[in-house]
Number of protein chains: 2
Amino acid sequence: MAFDAYWASRTSLIEEERSLRRDTAYIANLTESEKKAEEIIRKIRATEAKTIWSVEHEEIPALFPGMEFLTARKLIEETQLFKVLRKMPKGGLLHAHFDATVDTEVLFCIALKHPAIHVRAPGPLAADTASRSPPEFRALPVSQFGIAADIASSDYVGGTWIPLREARDRCSLGTEVFDDWVIGSMRINPTEAYKTHNSVTKIWQKFLSTFVVSKGLILFKPVYEEYVYEFLRSSIEDGIMYVEARINFRFKTMIGDDGEDNVDHAQWVEIFGQVTDRIMQELKEQGREDEFYGARIIYTAVRFISKKELEWYLEDCIALKQKFPHIIAGFDLVGDENVQHPLIYYAEPLLRFKERTKELGLDIPFIFHAGETLGDGDHVDQNLFDAILLGTKRIGHGFSMAKHPLLMKICRERGIPLEVCPISNEILRLTSSMPMHPLPIFFNNGVPIALSSDDPAVFGNLILSYDYYQVLVSSEVSGLITLAVTARDSIQFSTLEDSEKQELLQIWERRWKAFVEEICTLTP
Amino acid sequence: MAFDAYWASRTSLIEEERSLRRDTAYIANLTESEKKAEEIIRKIRATEAKTIWSVEHEEIPALFPGMEFLTARKLIEETQLFKVLRKMPKGGLLHAHFDATVDTEVLFCIALKHPAIHVRAPGPLAADTASRSPPEFRALPVSQFGIAADIASSDYVGGTWIPLREARDRCSLGTEVFDDWVIGSMRINPTEAYKTHNSVTKIWQKFLSTFVVSKGLILFKPVYEEYVYEFLRSSIEDGIMYVEARINFRFKTMIGDDGEDNVDHAQWVEIFGQVTDRIMQELKEQGREDEFYGARIIYTAVRFISKKELEWYLEDCIALKQKFPHIIAGFDLVGDENVQHPLIYYAEPLLRFKERTKELGLDIPFIFHAGETLGDGDHVDQNLFDAILLGTKRIGHGFSMAKHPLLMKICRERGIPLEVCPISNEILRLTSSMPMHPLPIFFNNGVPIALSSDDPAVFGNLILSYDYYQVLVSSEVSGLITLAVTARDSIQFSTLEDSEKQELLQIWERRWKAFVEEICTLTP
């Protein structure tokens with residue numbers, strides 16, 4: 001075979017495989033500006049791969065594009081590529097756990113404003129970081145307010161509530177130590193992710209512990225209101241135009257203004273809706289209505305509950321959907337798949353729920369977490385089969401989907417996207433770095449993708465741009481247009497009505513065009 | 001949908017996907033003993049997952065099955081599962097680089113016996129390990145023998161050859177330091193793999209440096225002869241029944257008994273054949289002829305050579321094949337794919353070679369390395385397209401194949417196996433641990449697999465049982481039978497003649513049956 005014939009057959013084989021990719025059709029019809037922007041982005045990427053990611057670094061032994069996020073974050077922030085991505089219109093944020101979406105430092109500042117919030121620990125705060133237990137927070141009614149005390153003093157009686165502000169001011173180890181203790185208990189640091197807790201099992205222990213801490217602050221109505229606002233505000237600033245937040249309804253009430261545990265789920269949803277409306281009104285007044293289309297809630301229960309308990313939550317979800325049809329977007333089960341009940345355990349109540357919502361004329365799609373695991377053929381990996389058979393609208397993570405050619409074909413054909421959370425997967429040790437992540441497998445199999453940040457407050461990926469960055473630098477075939485297609489898909493595969501999707505897509509198009517033009521002015 | 005109907009559709013979907021797997025047909029026809037053995041192995045695996053891989057360890061922060069090999073090796077050796085796997089008949093070893101197949105300590109001992117072997121360094125051996133350059137070795141003719149000296153003394157003049165034995169004896173830092181220096185320069189240690197060189201680029205620098213050191217010992221005819229013997233002997237001990245070793249013919253000669261650089265490639269191959277015959281004769285005399293079927297050579301050149309130079313090597317390969325038709329098994333290009341020439345660079349001479357061997361009536365299949373990379377859509381990843389289009393008989397590594405649904409389909413349909421080297425991939429940082437390895441993807445796509453050890457002397461996976469172990473403990477769906485199928489495939493996809501394959505398969509069956517019966521006597 002002569003070389004020309006060889007080259008022709010090679011080109012054709014590569015094209016045949018690429019035809020499955022969702023960006024292929026889009027790439028075939030690029031505008032001149034899009035072509036130019038893509039080229040500029042690729043040039044910046046190639047340059048920075050050398051100037052930033054291939055140099056010797058004093059503190060980091062081995063640099064490479066897409067490396068461990070917590071080690072690389074500062075370097076990422078310095079790159080031109082990241083600065084460009086910050087401005088990209090990102091469509092919808094479809095996978096984020098509400099109680100881990102606001103910067104822990106911001107949450108802490110909000111909490112400090114509220115005299116009702118108290119802190120306690122099992123014993124005096126130790127000077128030695130390794131011996132510290134995490135703090136516990138709770139808003140108390142005025143009648144039960146504690147008195148100022150030094151939580152680090154040997155006189156401190158474990159379990160005694162101290163008003164948060166006073167506890168911080170009086171801490172004899174200093175406010176800095178106090179702040180590190182509080183913030184560190186709600187975040188995963190690089191030493192934990194990459195050394196002391198460097199396995200899926202171990203890092204999940206730390207991960208779950210952060211929620212126990214932050215819940216004491218978030219489940220207090222005045223903080224909750226500010227938290228919703230801050231979550232949406234920071235998302236909008238990051239180019240996110242629409243949100244479907246997973247809220248964990250595990251606790252049946254939160255603490256109200258009066259310090260009593262009496263704010264029910266309907267009020268949670270109502271406040272969420274009110275804050276969303278307020279922020280949209282503010283944007284409108286500023287002529288920025290193109291920036292945000294709204295926010296909805298995916299109702300989530302935790303997968304350690306019994307079948308009986310699940311029935312309660314499903315009924316609760318139905319009641320909320322009936323009351324707030326435009327806010328409740330779907331239903332999901334969350335938690336560590338590796339150790340908690342698989343979907344098949346709940347199949348019966350879930351199947352009944354489908355029947356019942358059908359009878360009631362309610363549209364509450366399942367949007368299941370599934371396959372967030374390294375398991376191969378175990379019950380966790382098999383959650384993917386159940387998610388699909390139970391009719392999930394999207395799949396949360398689906399990390400393990402790369403192992404399933406038939407399921408990927410089904411996702412491609414039926415339009416079931418994966419909500420892929422690259423940095424989350426890396427920090428939770430499903431992959432050690434982005435170049436090892438299965439995302440290219442999903443792309444090459446034509447599975448629709450919505451990139452998401454999962455638990456940004458815990459992982460430190462506080463803007464989705466970090467995830468976009470990690471994806472962009474870890475591939476040669478994927479580029480700016482690939483990201484654009486995922487952003488479009490995050491709208492396409494949202495729970496919005498078709499007409500709403502069209503409207504939002506048009507807004508996205510306008511912002512995308514402006515973004516592309518801005519890139520075209522750059523000198524790479 | 002009632003639960004029963006749901007369960008039926010679930011079972012059927014899982015079965016449909018599993019139908020692609022190569023172990024599925026085998027599993028459908030198991031003997032009672034095989035069923036029992038599989039069950040016993042699964043029980044041992046499940047038990048040890050808890051008793052060994054889920055406990056707190058004093059020195060290792062996070063244990064899990066399939067974790068980093070260099071950290072886990074000692075624990076692996078203690079397991080019952082590993083002890084069982086040591087005895088498994090493993091079929092053919094299809095991917096091993098000859099010059100990294102013998103334990104470096106054994107190689108060092110062999111070298112110490114030969115007074116001709118000298119050592120030198122760029123300067124005195126430093127007390128501080130970080131400042132040490134690797135040693136250089138060379139066999140010298142008697143007329144050039146060096147004199148005994150202390151290589152660690154400040155008087156040592158860099159570049160001066162010292163007889164190896166004397167250099168070791170006189171080393172003022174002690175023989176232990178000297179030995180660590182020599183051995184450490186031919187091996188990757190855990191600190192290098194998991195800390196200081198924790199990226200593909202960095203670890204390859206260390207990896208390649210080990211070959212520069214060991215070549216000075218191996219490319220000396222008397223050592224080479226012993227090395228071939230030791231390689232085959234230790235392989236046989238590990239249950240390997242047949243070998244296709246990749247020998248790097250980069251250097252056109254090796255040093256002969258007389259210390260002169262004059263032993264040509266024909267002699268390399270001749271000696272390899274003689275030692276193979278000798279070892280087979282010895283086994284026969286011991287009534288152990290079932291244990292070994294023979295060894296062949298895959299001719300390899302390095303992928304940094306020019307097209308012109310490649311033509312010389314291709315001609316050389318043809319000449320050797322004509323002279324030793326039963327020893328030369330195929331042709332390959334080796335080296336770091338990420339930084340050296342892609343296959344497409346050599347397409348023209350390779351296409352001509354195919355024509356020429358056809359004309360000459362020679363069967364010299366390509367058995368290309370391809371896709372040993374984390375690259376996505378770059379020229380390295382694309383080597384997979386070229387390997388297949390150039391008609392490769394097998395693919396060395398094919399790590400990146402997981403990204404290519406169409407190519408996996410071609411491999412499945414045309415019977416192109418991947419020579420998968422799990423521990424090599426992990427130590428060379430393509431994957432951080434076995435549960436992240438794409439092997440389950442290959443299995444689920446029905447791609448034939450031959451498990452291999454690649455460069456065991458450098459990685460410390462000196463027996464293939466380590467690789468078998470890491471595969472077995474990192475999956476729930478794969479089991480003993482899956483390993484059996486890969487062992488069979490390593491025979492099926494060897495370069496042996498069909499009749500030879502049948503004969504070897506029959507021998508394997510006999511040994512497999514005995515192995516299964518032995519497992520059946522175990523109490524898990």
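These exercises work through the interface, salt bridges, cavities and a pocket of a predicted two-chain model.

**Exercise 1. Describe the size of the contact between chain A and chain B.**

Step 1. Count the residues. Chain A brings 59 residues to the contact, and chain B brings 59 residues.

Step 2. Pick the size scale. The accessible area lost when parts come together is often used to give the size of an interface.

Step 3. Read off the area. Chain A and chain B bury about 5,100 Å² between them. Carbon and sulfur atoms give 62% of that area.

Step 4. Find the main contributors in chain A. Tyr6(A), Glu17(A) and Asp376(A) lose the most area to chain B. Together they account for 13% of what that side buries.

**Exercise 2. State which elements and residue classes make up the side of chain A that touches chain B.**

Step 1. Start with polar contacts. Between chain A and chain B, 23 residue pairs are in polar contact, with both residues at pLDDT 80 or more.

Step 2. List the elements of chain A that give two or more residues to this side. They are α1 (3-18), α9 (190-196), α14 (347-360), α15 (383-389), α16 (405-414) and α18 (439-444).

Step 3. Name the top contributor. α1(A) gives the most, with 10 residues.

Step 4. Sort by class. This side of chain A holds 29 nonpolar, 14 polar and 16 charged residues.

**Exercise 3. Find the salt bridges, and explain why the pair Arg10(A) and Asp386(B) joins two chains.**

Step 1. Recall the principle. Side chains of opposite charge can pair when their charged atoms come close.

Step 2. Set the cut-off. A side-chain nitrogen of Lys or Arg must lie within 4 Å of a carboxyl oxygen of Asp or Glu.

Step 3. Count. The whole structure has 62 salt bridges over all chains. Across the interface of chain A and chain B there are 4.

Step 4. Take one pair. Glu56(A) forms a salt bridge with Lys202(B), and their closest N and O atoms are 3.1 Å apart.

Step 5. Take the pair in the task. Arg10(A) and Asp386(B) meet through their side chains at 2.8 Å, N to O. Arg10(A) sits in helix α1 of chain A and Asp386(B) in helix α15 (residues 383-389) of chain B, so the pair joins two chains.

**Exercise 4. Characterise the largest cavity.**

Step 1. Search the whole structure. There are 11 cavities of 30 Å³ or more.

Step 2. Give the volume. The largest cavity holds about 310 Å³ of space.

Step 3. Identify the lining. It has 25 residues. Closest to the centre are Met436(A), Pro438(A), Ile441(A), Met436(B) and Ile441(B).

Step 4. Classify the lining. It divides into 17 nonpolar, 6 polar and 2 charged residues.

**Exercise 5. Do likewise for the second largest pocket.**

Step 1. Give the volume. About 1,200 Å³ of space lies in this pocket.

Step 2. Identify the lining. Of its 46 residues, Thr201(A), Ala49(B), Ser54(B), Phe64(B) and Pro65(B) lie nearest the centre.

Step 3. Assign elements. α10 (200-218) of chain A and α3 (32-51) of chain B each supply at least two lining residues. The largest share, 6 residues, comes from α3(B).

Step 4. Classify. The lining has 19 nonpolar, 15 polar and 12 charged residues.

**Exercise 6. Place Arg511(A) and list its contacts beyond four places in sequence.**

Step 1. Locate the residue. Arg511(A) lies in helix α22 (residues 498-520) of chain A.

Step 2. List the contacts. Leaving aside neighbours within four places in sequence, Arg511(A) touches Pro89(A), Gly239(A), Met241(A), Asp290(A) and Glu291(A).

Definitions and conventions. Residues are numbered from 1 along each chain as its sequence is written. Chains are lettered from A and ligands numbered from 1 in the order in which they are written. This is a predicted model: local features need pLDDT of at least 70, side-chain atom pairs count only at pLDDT 80 or more; totals for chains, interfaces and linings use all residues. Side-chain values use heavy atoms; hydrogens and water are left out. On a 1 Å grid over the protein atoms alone, a cavity is a set of points where a 1.4 Å probe fits but cannot get out, and a pocket is an open set with protein on both sides within 12 Å along at least five of seven lines; lining residues have an atom within 4 Å of a point. Grid points are joined across faces, edges and corners, and a volume is the space filled by probe spheres set on the points. Ala, Val, Leu, Ile, Met, Phe, Trp, Tyr, Cys and Pro count as nonpolar, Asp, Glu, Lys and Arg as charged, and the others, Gly among them, as polar. Contact means heavy atoms within 4.5 Å. Buried area is the accessible area (1.4 Å probe) that two parts lose on being put together, summed over both. A polar contact is a pair of N or O atoms within 3.5 Å; within protein, one must be able to donate a hydrogen and the other to accept it, and residues adjacent in sequence count only if both atoms are side-chain atoms.
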